[in-house]
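Hi everyone, thanks for coming. Let me put the sequence and the model up on the screen, and then we can walk through a few spots together.

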Amino acid sequence: AGVTADESAKGLRSAIPDSSMVIDATVAGGTAIVVLRGSFLDIPADDQVFAVGQIVFTLTDLRGVGRVRFEIDGEPVAVPLPNGDSSQDAVSRDDFSDLLRD
């Protein structure tokens, strides 16, 4: 649904420009599989890291979800990590811990 007016007033924003970027999400064996639109790759690289992090933190906050894998057009897609690497494997909260404020 995006950022609420209260969240925006606190300086929060979403790196996901449009909720339609996420087509579907399912969970199997503790891993959420998120299907993204191909246009996700048009998001600036820095924002992609935050967008993926947002999705990972949201889904791994759910009971039974420890990892998240991303797909576009039915194929696994490599997602950027905060350390500058990328991963085509399922990622976890630990992979994005650098995004958390102290």
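Here's one to start with: which backbone nitrogen does the side chain of S87 reach? Before you zoom in, keep in mind that this is a predicted model. The partner is D89, whose backbone nitrogen lies 3.1 Å from the S87 side chain. S87 itself sits in strand β6, which covers residues 86-87. Its relative accessibility is 14%, and because the cut-off for buried is under 20%, S87 counts as buried. If you leave out residues up to four places away in sequence, S87 touches V77, A78, V79 and L81.

Next, the charged side chains. How many salt bridges does a search of the whole structure find? The search gives one. That salt bridge joins the side chains of E71 and R69, at 2.7 Å from N to O. Are these two buried or exposed, you may ask? E71 counts as buried, at 14% relative accessibility, while R69 is partly exposed, with a relative accessible area of 25%.

Finally, for the pocket fans among us: the largest pocket has a volume of about 960 Å³. It is lined by 25 residues, and the closest to its centre are R13, S14, A15, F50 and Q54. Strand β1 (22-28) and helix α2 (45-60) each supply at least two residues of that lining, with α2 giving the most, seven residues. As for chemistry, the lining divides into 14 nonpolar, seven polar and four charged residues.

That's my tour, so over to you for questions!

Conventions: Residues are numbered from 1 along each chain as its sequence is written. This is a predicted model: local features need pLDDT of at least 70, side-chain atom pairs count only at pLDDT 80 or more; totals for chains, interfaces and linings use all residues. Side-chain values use heavy atoms; hydrogens and water are left out. On a 1 Å grid over the protein atoms alone, a cavity is a set of points where a 1.4 Å probe fits but cannot get out, and a pocket is an open set with protein on both sides within 12 Å along at least five of seven lines; lining residues have an atom within 4 Å of a point. Grid points are joined across faces, edges and corners, and a volume is the space filled by probe spheres set on the points. Helices (H or I, at least four residues) and strands (E, at least two) are DSSP runs, numbered from the N terminus. Ala, Val, Leu, Ile, Met, Phe, Trp, Tyr, Cys and Pro count as nonpolar, Asp, Glu, Lys and Arg as charged, and the others, Gly among them, as polar. A salt bridge is a side-chain nitrogen of Lys or Arg within 4 Å of a carboxyl oxygen of Asp or Glu. Buried means under 20% relative accessible area, exposed over 50%, partly exposed in between (1.4 Å probe, protein chains only). A polar contact is a pair of N or O atoms within 3.5 Å; within protein, one must be able to donate a hydrogen and the other to accept it, and residues adjacent in sequence count only if both atoms are side-chain atoms. Contact means heavy atoms within 4.5 Å.
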